[in-house]
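Visitor: Hi! Could you walk me through this one while I have it open?
Guide: Happy to, let's bring it up.

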Amino acid sequence: MSDLPPWVRSSTEPRRDELARFSDPTDPEALRRVREATAPSAAEVARLLARAPAPRRGFSPLWAGAPLLLAVSLLLVRSVLPTATTGAPPADPEGVHVVRVDLPWEVVPGVRVEGRGTASVDADRVVLDGILRVHVWAPVTLEIGGRPFTTRDAELHVAGDAVAVVAGAVRAPDGRFLVSGDRWAPETTVATAPLPAAPASRAAPRAEGAPTRPPAPEAVVVAPVAPPAPEAAVAAPVDPPSGTPPDAVVAWADLLDQHEAGLDGARFARALDGYRAQYPHSPFAGEAVDLAALASVSFAPAADALARLEEALALRAGGPRTLELHTAAAWLAREERKDCAAAAPHDRFVAANASGRARATAEVFLALCALRESGSDPARAAAAREALRAIDTRILDAALAAAVERARTDPGHEGATP
Amino acid sequence: MDRSEPDTLGALRALEPRAVDRFYREHAPSVLGWVIRLGGHRLDADDVAHQVFEVALNRLPTFRGESSERTWLYGITRRVVANARRKGAIWAFVGLESLFASDPGPSPEHTSGLAGQRRRVQEALEALPFAQREVVVLLDIEERPAPEVATMLQIPVGTVYSRAHHARRAFADALARAGLTAETVVLAGGVG
């Protein structure tokens with residue numbers, strides 16, 4: 001039981017007028033109508049219920065060991081590739097992402113970053129640099145300005161080496177806990193002459209074992225630097241962050257700036273190709289390959305765009321954009337070149353690696369193509385129709401669902417692309 | 001259903017059809033609602049909700065029941081929604097949204113009537129950072145108790161209130177900018 005006298009609490013209870021200031025600005029009636037406007041309709045729920053996915057058949061005791069096996073495998077992989085993440089795959093071998101406002105990135109599971117800057121994973125921490133908004137919902141150590149900040153749930157703004165906490169709690173390098181509204185910035189020293197040295201009691205407490213700076217020969221004044229206001233941190237794009245990032249990183253950020261300013265597909269692809277030529281060993285060269293290949297779909301002749309996509313797939317096998325590259329390649333081969341056989345390898349990849357409608361669509365095209373290519377082989381045609389019957393047409397778009405129905409029932413149907 | 005009873009949990013982990021069917025029917029409306037409200041208008045809510053259940057069914061054999069089924073499903077939903085949003089962003093980034101993204105775009109059919117209204121509300125929600133959007137959706141729109149929201153988001157109750165304080169003001173502003181007031185928002189006949 002506390003030894004504090006009761007008046008300590010009673011004298012610090014919020015007053016009625018103070019509580020009144022924390023009013024909910026949302027109109028309750030508007031909120032109720034918002035709720036109803038975004039609630040799934042009865043028809044939507046019925047449609048989802050009709051698509052109940054089938055659980056795996058043949059439950060085996062081996063399932064009990066699967067998670068353990070997976071965990072051991074991941075540990076083995078991490079021991080070989082210490083900078084690999086178990087969340088989103090890195091965009092390049094060195095795991096550095098250039099973060100953009102329109103491409104928020106979940107750097108590791110539980111950490112998402114938006115804004116302008118860079119994010120990377122180094123051993124057990126996420127290294128951040130730039131003007132960023134960071135959302136954390138899993139235990140993590142963030143390295144900001146070379147200093148560690150730990151949290152398991154928070155929203156914070158980062159500007160260079162300064163931090164402002166919007167929500168949650170963050171442990172600062174000096175051991176203090178920062179909560180909503182708190183700001184943190186490293187101490188700076190300004191050499192002036194002659195002034196008495198700052199008393200030791202005024203210096204911010206340092207974590208045990210943290211390096212200390214030797215005082216300048218002249219007197220030292222400790223002046224904390226205020227970080228920018230949280231509201232301005234993302235809204236006002238600024239020059240690249242403090243320090244001197246590599247030229248390749250600056251150039252990549254500039255290129256994405258130009259894209260945001262309105263480069264069309266062709267010019268964007270040319271800029272990406274120029275970047276690769278100038279910085280062939282850049283951590284972003286691979287992403288430049290992927291984005292240029294995808295962008296080419298919008299302007300290049302189908303054969304050229306398809307060649308670029310397949311080149312990107314060959315160069316970047318297993319990369320983070322592989323599914324999108326295959327999706328685009330399958331579409332080009334089928335819709336633009338009318339060559340379902342050329343689309344088939346790409347559709348197979350999508351069918352094996354996508355989910356939901358994307359997977360079902362790829363399965364349909366594979367079956368329709370097999371039906372078309374079956375020619376006079378009744379066994380192949382029968383196998384293709386069997387595959388079509390197994391597909392749930394309720395999740396397909398209407399035109400494709402109709403094509404499937406026709407192919408299922410019309411013995412003379414050649415499986416032409418709808 | 002709060003925590004799964006031992007018999008129910010065992011049946012779920014064994015993927016017994018009746019248990020799985022009960023699980024699906026009980027939680028489908030909630031999952032679909034979360035996807036609509038958290039995922040924004042660019043996502044095909046039906047498809048993403050289906051993906052959530054595909055993931056859930058694959059993981060049910062390892063579900064230990066330490067959290068409620070709803071909390072567990074919500075964790076899966078936010079991951080699937082985040083992945084779907086990121087993939088959708090790539091198509092928009094390379095200018096291929098019209099070919100490969102599920103959102104049909106602001107055609108007249110999708111800007112008028114109830115569909116258009118839902119889109120505008122979703123855009124107002126998207127004006128919030130994801131962490132604030134979650135709190136508005138769970139605490140205010142779905143009216144779940146703060147302790148339950150804290151459990152679902154795995155954050156302290158105080159953080160729920162803190163985020164709600166910032167989120168409500170931002171959401172009120174976003175609704176006002178979208179011209180959505182009590183008078184302009186009409187009933188959609190939703191189920192919850």
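Visitor: Let's start with A:Glu44. Buried or exposed?
Guide: A:Glu44 is buried, at a relative accessible area of 18%. Do keep in mind that this is a predicted model.

Visitor: Which side chain does A:Glu44 meet in a salt bridge?
Guide: That would be B:Arg118, with N and O 2.8 Å apart. A:Glu44 sits in helix H4 of chain A while B:Arg118 sits in helix H7 of chain B, so this pair joins two chains.

Visitor: And B:Arg118, is that one buried or exposed?
Guide: Buried: B:Arg118 has a relative accessibility of 15%, and the cut-off for buried is under 20%.

Visitor: How many salt bridges are there between chain B and chain A?
Guide: Five salt bridges are counted between chain B and chain A. One that you can look up is A:Arg359 with B:Glu54, where the closest N and O atoms are 2.6 Å apart. Over all chains, the count comes to 27 salt bridges.

Visitor: What about polar contacts across that interface?
Guide: The rule finds twelve residue pairs in polar contact across the interface of chain B and chain A, with both residues at pLDDT 80 or more.

Visitor: Which helices of chain B supply residues to the side that touches chain A?
Guide: Those supplying at least two residues each are H2 (17–39), H3 (45–59), H4 (69–93), H5 (97–100), H7 (113–126), H8 (130–141) and H10 (157–177) of chain B. H10(B) gives the most, with ten residues.

Visitor: How does that side split up by class?
Guide: The side of chain B that touches chain A has 36 nonpolar, 15 polar and 17 charged residues.

Visitor: Nice. How many residues does each chain bring to the contact?
Guide: Chain B brings 68 residues and chain A brings 72 residues. The area buried between chain B and chain A is about 6,400 Å², and carbon and sulfur atoms give 63% of that. On the chain B side, B:Asp46, B:Arg86 and B:Phe93 lose the most area to chain A, together 11% of what that side buries.

Visitor: B:Asp46 is in H3(B), right? Tell me about that helix.
Guide: Yes, B:Asp46 is among the buried residues of H3(B). H3(B) is mostly covered, with twelve of its 15 residues buried. B:Glu54, the partner of A:Arg359 in a salt bridge, is also among the buried residues of H3(B).

Visitor: What covers the buried residues of H3(B)?
Guide: Both chains take part: the cover includes helix H4 (42–49) and helix H13 (356–373) of chain A, together with H2 and H4 of chain B.

Visitor: And how far apart are the end C-alpha atoms of H3(B)?
Guide: They are 21 Å apart, which agrees with the 21 Å that the 15 residues should span at 1.5 Å a residue.

Visitor: Changing topic: what can you say about B:Arg119?
Guide: B:Arg119 is buried, with 11% relative accessible area. The side chain of B:Arg119 forms a salt bridge with that of B:Glu123, N to O at 3.3 Å. B:Glu123 and B:Arg119 are four residues apart in helix H7 of chain B, so about one helical turn separates them. B:Glu123 is partly exposed, at 36%.

Visitor: Which residues of chain B are joined into a network by salt bridges that share partners?
Guide: Let's begin with one pair: B:Arg144 and B:Glu142 meet in a salt bridge, 2.8 Å from N to O. B:Arg144 counts as buried at 13% relative accessibility, and B:Glu142 counts as buried at 18%. Salt bridges that share partners join these two with B:Arg37, B:Arg70 and B:Glu148 into one network.

Visitor: Back to B:Phe93. Which residue of chain A in helix H7 touches it?
Guide: A:His259 does: leaving out residues up to four places away in sequence, A:His259 touches A:Phe268 and B:Phe93. A:His259 lies in helix H7 (residues 247–261) of chain A and is buried, with a relative accessible area of 14%.

Visitor: Last one: what is the secondary structure of chain A?
Guide: Chain A comes to 15 helices and eleven strands. Of the 418 residues in chain A, 42% are buried. Among contacts in chain A between residues at least 6 apart in sequence, 42% join residues at least 24 apart.

Terms used:
Residues numbered from 1 in each chain as written. Chains lettered and ligands numbered in written order. Predicted model: local features only at pLDDT ≥ 70, side-chain atom pairs only at ≥ 80, totals over all residues. Heavy atoms only, no water. Contact = heavy atoms within 4.5 Å. Buried area = accessible area lost by both parts, 1.4 Å probe. Salt bridge = Lys/Arg side-chain N within 4 Å of Asp/Glu carboxyl O. Polar contact = N/O pair within 3.5 Å; in protein donor to acceptor, adjacent residues only side chain to side chain. Nonpolar A, V, L, I, M, F, W, Y, C, P; charged D, E, K, R; others polar. Expected span 1.5 Å × (residues − 1). Buried < 20%, exposed > 50% of the residue type's maximum accessible area, 1.4 Å probe, protein only.
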